[in-house]
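Biologist: I would like a close look at a single part of this model, namely its aromatic rings and the helix contacts that go with them. Please take it slowly and keep the account connected.

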Amino acid sequence: MEPSAPADAIYLRARAAWPGVELPREDFLAHLAARTAASGGAPVPHVEDLFLACACARGVTAALAHFERLYLPSARQVLVRRGIARDVVDEALQRLRERLFLRRPDGPPRLAEYDGRGPLEAWVRTVALRLAMTELRERAARPVEALLPSLLPPEDPSFAALKHRHHADIEASIASALASLEPRQRTILRLHLVENVGVEDIGRVHGVSRATMTRWLKDARDTLAERTHAELRRRLNVEDPELHSLARSLLSGLDLSVRHLLR
């Protein structure tokens, strides 16, 4: 941005770069002024990228669509070229959405911190790489077995005997079913059950309506329940009525189990 350039010209140029993205002039110029002040008054060279980041941080649907179309495939490509496993890449990109688009208790989404000094694409790639490395470190440090807690409160007497007899198979069945979910399904379950993020806010992260996100969340729960039941059936050599009793008791507390697993 040239120091002498009129504010209106800067705003119009930045907005023209992103068709369909509506961001009020005052909002963008205030954001631009804040980022300029934070850098000691130096001009911002990538005002078009700053405009998109500002709109995304405010949850503008059209801006999120541009971001999804342009920057996530680029970040994915960088991670794949480094030889990172695809499931780790998928998980890292889901974390990227959370990190950049969700509001924090003490402030706006982290995407609001982008200052326009360098290209937004490079900034996103750097964040994605850091998140992929974090995912790899966490997988190495916390094997699945270490993440498995008690599945239901100990005071549940109807489940205690069956749980004691089939403890290892139950834990393995839930872990296997959870691992088989798509990264997006695990992400929305973690956000909803562990982080207590509302359905509408999760939908905003993914650029979909509340109704769509409600349906996605139900599908994720149903899939998890079905696969847990199927895995129990495969692992356990018990009479069908006993298996159904076990599955009903287990699945009635599945949200609690998933909260611990995803945490």
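How many aromatic pairs does the structure hold?

Modeller: The model is a predicted one, and the structure in it holds six aromatic pairs. One of them joins Phe-67 and Phe-101, whose rings meet edge-to-face, at 5.1 Å centre to centre and with 80° between the planes. Because Phe-67 belongs to helix H4 (residues 61-81) and Phe-101 to helix H5 (residues 86-101), this pair ties together parts that are 34 residues apart in sequence. Phe-67 and Phe-101 are each buried.

Elsewhere, ring pairs link Tyr-11, Phe-28 and Phe-51 into a cluster, and two of these names return in a helix contact, where Asp-27, Phe-28, His-31, Leu-32 and Arg-35 of H2 meet Val-47, Leu-50, Phe-51 and Cys-54 of H3. The residues of that contact divide into six nonpolar, one polar and two charged. Helix H2 (residues 25-38) packs against helix H3 (residues 47-57) at an angle of about 115°, their axes being 10 Å apart, and the crossing of H2 past H3 is right-handed.

A ring is also involved with a charge, since the charged end of Arg-184 sits over the ring of Trp-216, 3.6 Å from its centre. Helix H9 (residues 183-194) packs with helix H10 (residues 199-206) at an angle of about 145°, with 10 Å between their axes, and Arg-184 takes part in this contact together with Ile-188, Leu-191 and His-192 of H9, facing Val-199, Ile-202 and His-206 of H10. Here the contact residues divide into four nonpolar, two polar and one charged.

Notes. Residues numbered from 1 in each chain as written. Predicted model: local features only at pLDDT ≥ 70, side-chain atom pairs only at ≥ 80, totals over all residues. Heavy atoms only, no water. Axes fitted to C-alpha atoms, helices over the stretch in contact; angles between N-to-C directions. Helix = DSSP H or I, 4+ residues; strand = E, 2+ residues; numbered from the N terminus. Contact = heavy atoms within 4.5 Å. Nonpolar A, V, L, I, M, F, W, Y, C, P; charged D, E, K, R; others polar. Left-handed = near helix turned anticlockwise from the far one by under 90°. Phe/Tyr/Trp six-rings, centres within 6.5 Å; stacked < 30°, edge-to-face > 60°. Buried < 20%, exposed > 50% of the residue type's maximum accessible area, 1.4 Å probe, protein only. Lys NZ or Arg CZ within 6 Å of the ring centre and 35° of its normal.
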